[in-house]
Structures are given as structure tokens and as C-alpha cells.
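Below are my notes on the model, set out as numbered points. Please read them with the structure open.

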Number of protein chains: 2
Amino acid sequence: MNISEKINLTGTSPEERSPEDRSMAIRESLRNAIIDRRLAPGTKLSESEVGSLFDVSRTVARAALQMLAFEGLVKTERNRGAFVSNPSPEEARQIFASRRLIEPGIVAAAVERITPEDIVQFRRQLDEEGRYLNERGPAARRAEIKASGDFHLMLASVAGNVILQRFMDELVARSSLVIALYGRSGVSSCGHSEHTAVLDALEKGDGARAAKLMIHHIDHIEADLDLQVKQGLGLKDALSPI
Amino acid sequence: MNISEKINLTGTSPEERSPEDRSMAIRESLRNAIIDRRLAPGTKLSESEVGSLFDVSRTVARAALQMLAFEGLVKTERNRGAFVSNPSPEEARQIFASRRLIEPGIVAAAVERITPEDIVQFRRQLDEEGRYLNERGPAARRAEIKASGDFHLMLASVAGNVILQRFMDELVARSSLVIALYGRSGVSSCGHSEHTAVLDALEKGDGARAAKLMIHHIDHIEADLDLQVKQGLGLKDALSPI
DNA sequence: AATGGCAAGATTGCATACGATTTGCCCATT
DNA sequence: AATGGGCAAATCGTATGCAATCTTGCCATT
């Protein structure tokens with residue numbers, strides 16, 4: 001159960017490139033590992049292990065884990081440690097309910113501010129997304145989930161509200177976890193075309209249509225999930241079946 | 001500039017009542033102090049000072065400050081320390097834009113789940129709010145801001161989405177800061193009646209009306225702000241006035 | 001008198017050490 | 001053989017120490 005191979009240490013930080021917060025770099029690295037499933041839900045992230053992996057003390061490893069706990073990607077249990085989050089179906093529903101609420105607003109804001117350069121950027125992103133769609137294997141699948149999330153994050157970035165952007169950051173990351181856990185089919189084979197449709201509407205300046213498409217898109221993602229209580233194992237639930 | 005008097009140490013934690021995370025208790029205490037202005041924006045919160053105030057080491061004080069930084073209530077500068085946030089007008093606008101987006105959704109969810117007991121609780125809360133409205137002095141003013149925020153948080157709680165609840169927690173807290181900084185008149189003398197109106201609509205099950213009232217309410221709060229760059233003090237702005 | 005540099009003080013960043021708590025294993029007892 | 005107690009290993013929670021960095025006041029120089 002060595003997590004060392006799962007984490008792309010050099011992926012986010014070429015080396016000691018940033019003299020700034022190292023805990024932030026560790027957070028980024030772990031975040032990426034979590035959202036594209038190199039670290040499975042439930043995996044234990046011990047402070048010492050993370051610390052030695054990134055060659056820092058427990059202090060800074062702990063700070064990174066605290067940040068991840070704050071954004072809901074890991075859960076910490078006192079005196080037991082930190083574990084990659086294992087979102088419950090209820091949590092999953094709430095995540096998507098939040099997205100259904102926020103993303104139309106983001107789309108509406110984005111349509112006011114999007115530039116032709118942004119459009120070009122988006123097309124490039126969608127191309128990459130489509131490329132992964134046609135590849136096989138878990139690596140391509142992971143990359144696809146990641147790219148799909150990036151589309152939504154780019155949208156939030158264009159919308160220009162840093163607070164909503166941070167909320168979306170969290171929601172997209174947690175969505176990735178949920179899809180990894182409860183996803184039924186191949187992620188969102190329809191997702192790519194839906195992204196394209198949203199972008200097309202944005203390009204035409206049709207915010208209302210883009211927002212509607214976005215809601216449908218989110219609905220489709222959630223509909224692809226199998227949110228049964230199969231993973232109920234909560235014991236608390238098991239003990240009070242009535 | 002001793003902050004010790006500003007913090008109600010016993011307010012949130014009677015003593016060592018919680019054997020659990022002390023940093024969480026410190027965060028709560030500082031949070032309360034910030035959102036009702038006992039700690040003014042810009043105030044420095046040094047690790048050692050906070051630590052000795054709560055009789056803990058810098059380690060746990062630091063953890064509390066990190067959490068506050070994460071929710072935007074304090075800003076940390078590397079090698080300089082943590083300071084109570086001084087939201088810019090732009091930040092303020094984004095905070096209220098976010099609330100305009102999220103709160104109608106919360107209201108819509110709340111109308112589906114609100115119980116008669118909740119209504120009673122809300123009435124009690126509104127009574128207390130009204131009481132502060134008729135009192136004079138900064139203490140009553142602070143209590144009024146707090147109580148006003150609590151109304152929105154109760155709503156989020158009733159809505160039953162813990163993620164949105166946490167977002168609102170952050171947004172309400174930051175709003176308090178913004179109102180403290182840019183508030184023009186007496187907070188929201190109209191706010192109380194508007195809260196009542198929202199609740200009335202909720203009680204009648206008229207979610208659409210409640211949502212509309214909520215948007216107006218938020219608009220009114222924001223309209224009461226003086227979001228000029230008077231506090232621009234950024235120097236960077238002052239130097240490039242064109 | 002104003003400016004520039006320097007050194008002392010203060011504060012954070014980080015690592016490490018020690019105590020506390022939990023977990024799992026082993027063995028004794030029934 | 002199953003159960004219960006207790007010990008040992010592992011891990012977390014917290015305090016503290018040291019180095020790095022920033023601030024500030026002082027002094028020399030112009």
C-alpha cells in the first residue's frame with residue numbers, strides 16, 4: 001500500500017522551483033493525485049509518510065493535509081490520521097445540487113466577459129478532451145475526468161469572481177471523487193459534446209441557452225451515477241435501519 | 001494595540017470544555033471577534049500573541065490562523081504574519097454577487113424542508129434581532145450585525161445542504177467584514193423587516209416570492225455600502241490614478 | 001538636514017522531541 | 001476454542017528550538 005508510486009512528485013513542482021509555501025505545493029500534488037484517482041478514496045495519508053515523500057517535516061505535511069481537509073478532499077479523524085474522502089451518496093447529491101445552483105450563474109457571468117481569445121483557449125481545451133475520449137486505458141480515463149473538470153474551472157475563471165471560482169474548485173474536485181466512486185458508465189461520453197454545446201452558446205452570446213445546457217449537462221453527469229447506499233457501511237445507518 | 005481585551009475568551013468555550021481540537025475553538029473565538037468587529041480589519045494577529053492569549057503554543061495558534069486564512073477572514077503574508085482581512089471594494093462586490101447567486105437557491109431548498117418548529121425558531125431569532133435594532137451603542141450594533149447574519153445561516157441550515165451551508169458561513173462572515181468597512185447607514189434598519197418578509201413567504205410556502213424578496217434584501221444591503229476606492233490605500237492604486 | 005546603510009530585535013518557517021491516544025497482537029484464562 | 005486483558009508499535013497532538021527573513025532604529029556620510 002505504498003502511495004509513493006501514486007504521486008507524481010515532479011508533476012506539479014519541477015523541483016524546488018517555488019521558494020514559497022511548500023505545503024501549498026504538496027497540497028496541489030496530493031489534490032491532483034486524488035482527483036484523478038491515483039489515490040483511491042479511503043487511502044490513508046499519514047503525516048510522516050507524506051512528509052518523507054516530499055522530503056519535508058510532518059509540520060508542513062500536516063498543513064497540506066489540513067488544507068485538503070478544509071476543502072473536503074480528505075477527512076481527518078482525531079488521533080487516527082487523514083484519509084482520502086469517501087463521499088457518501090448524500091454528500092454526492094449535495095455536491096451536484098450545489099453545482100446546479102452555482103454553475104448557471106457562472107455561465108451567465110461568463111457570457112458577459114468572455115473574449116475571442118478565451119474562446120480559442122476553450123476550443124483547444126475541448127480538443128484535448130476529445131483526444132482522451134478516443135483513447136483507451138485508465139490513464140486516458142483519468143485524463144478525461146481531469147480535462148472535463150478543467151472545462152468547468154476555466155468557465156469559472158472567465159466569470160471573474162474569485163470566490164465562486166474557489167467554490168467551483170472545491171466542487172469540481174469533489175465531483176471527481178464522486179464520479180470515481182459511483183460513476184457507472186465511461187465517465188461522460190456525452191460530456192464532451194455537451195461542453196461543446198455550452199461553448200457554442202456562449203460564443204453566440206446566448207447566456208440563457210448556455211445556462212440551460214449547463215444544467216442539463218450537470219443532470220446528465222449525476223444521472224450517470226449509481227447513488228445507492230451500497231456503500232452504506234456507516235454502521236450508524238446499519239444500527240438504526242428503522 | 002493589545003488585542004487581548006477584544007477577544008471574548010470565555011464566550012465560545014467556557015473553559016477547556018472540549019478535549020477536541022483546540023485550534024477549532026480558537027478559530028471560532030477569533031471568527032466571532034472578527035465578524036462583530038471587536039477585531040478591526042488590518043489588525044495583526046501574531047502567532048505568539050494568539051498563542052499566549054489562549055494559552056497554547058504557536059503551533060495550534062498557527063493552525064487556527066491558517067483556517068481563518070482559508071475562509072478569507074484573515075490574510076497571511078509570508079514572513080510577516082496574519083492580519084484581519086481588509087476586503088477591497090471589488091472583493092465586496094464579488095461576495096455579494098456570490099450571495100445573490102446562492103441565497104435564492106437556499107431559500108428554494110428551505111421552503112421544501114422548513115418545519116413549523118423551524119418557523120418558531122426563526123421568529124425567536126427575529127425578535128432578538130429587533131431588540132438590538134432598538135438599542136443604542138456599538139455593542140448593540142455589533143449584536144445586530146451578528147444576529148442578521150445568523151438569520152441567513154439558519155436559512156442555510158434549514159436548506160439541508162452542508163456544502164452550501166459552509167459556503168454561506170464564509171460569505172456571511174466576509175459580508176460582516178465588508179459591512180463594517182463600507183457600511184454607510186445603520187447596518188440595515190430595513191433588514192429586519194425584510195427578514196420578516198422572507199420568513200412570511202416561506203411560511204406560506206411561496207418559495208418564488210421568498211427568493212425574490214431575498215434578492216431584494218441582498219441588493220439593499222449592498223446598496224447601503226459605499227464601495228468607492230476611498231480605502232484604496234493600496235499605494236499601487238494611489239500611484240496609478242489613471 | 002536628508003539619505004543610505006547596518007545592526008539589533010522581532011516574527012515567521014520549519015524541524016524535531018516528547019507525551020497521549022489508538023490499534024493490533026499475544027497470551028492467559030475460562 | 002473463544003474471550004478478555006495487557007503490552008508494544010505506530011501515529012497523532014503539541015511544545016519548543018533554531019535558522020531565515022523582515023522591520024526598525026541608529027549612525028555615518030553627504
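1. The buried residues of α10(A) are covered by, among others, α5 (89-113), α7 (138-159), α8 (162-182) and α9 (191-203) of chain A. Covering is a matter of contact, meaning heavy atoms within 4.5 Å. The buried set in α10(A) is Gly207(A), Ala210(A), Ala211(A), Leu213(A), Met214(A), His217(A), Ile218(A), Ile221(A) and Glu222(A). Buried stands for under 20% relative accessible area, exposed for over 50%, and partly exposed for what lies in between (1.4 Å probe, protein chains only). An α-helix has 3.6 residues a turn, so residues three or four places apart point the same way.

2. This is a predicted model, in which local features need pLDDT of at least 70 and side-chain atom pairs pLDDT 80 or more, while totals for chains, interfaces and linings use all residues; side-chain values use heavy atoms, without hydrogens and water. Residues are numbered from 1 along each chain as its sequence is written, and chains are lettered from A and ligands numbered from 1 in the order in which they are written.

3. Helix α10 of chain A covers residues 207-223, 17 residues in total. From first to last C-alpha α10(A) reaches 24 Å, close to the expected 24 Å, where the expected span is 1.5 Å times one less than the number of residues. Helices here are DSSP runs (H or I, at least four residues) and strands likewise (E, at least two), numbered from the N terminus.

4. Ala173(A) sits in helix α8 of chain A and is buried, with a relative accessible area of 3%. Beyond neighbours within four places in sequence, Ala173(A) is in contact with Arg31(A), Ile35(A) and Leu73(A). Gly72(A) is 101 residues away along the chain, yet its C-alpha atom is 9.0 Å from that of Ala173(A).

5. Between the protein chains, 28 residues of chain A are in contact with 28 residues of chain B. The area buried there is about 2,300 Å², with 60% from carbon and sulfur atoms; buried area is the accessible area (1.4 Å probe) that two parts lose on being put together, summed over both. Of what chain A buries against chain B, Phe70(A), Leu101(A) and Ile163(A) supply 29%, more than any other three residues.

6. DNA strand C has 18 residues around it, with Arg22(A), Ser57(A), Thr59(A), Ser46(B) and Arg62(B) nearest; a residue is near a strand or molecule if one of its heavy atoms lies within 4 Å of it. Polar contacts are pairs of N or O atoms within 3.5 Å; within protein, one must be able to donate a hydrogen and the other to accept it, and residues adjacent in sequence count only if both atoms are side-chain atoms. A side-chain N or O atom of Thr59(A) is 2.8 Å from a base nitrogen of strand C, and one of Arg58(B) is 3.1 Å from a base nitrogen. The side chain of Arg62(B) places an N or O atom 2.4 Å from a phosphate oxygen of strand C.

7. Around DNA strand D there are 18 residues, the closest being Arg58(A), Arg62(A), Ser57(B), Thr59(B) and Asn79(B). Of the strand D atoms within 4 Å of the protein, 76% belong to sugar or phosphate. A backbone N or O atom of Asn79(A) lies 3.3 Å from a sugar or linking oxygen of strand D. For Arg22(B), a polar side-chain atom lies 3.3 Å from a sugar or linking oxygen of strand D. The largest share of this surface, three residues, comes from α4(B).
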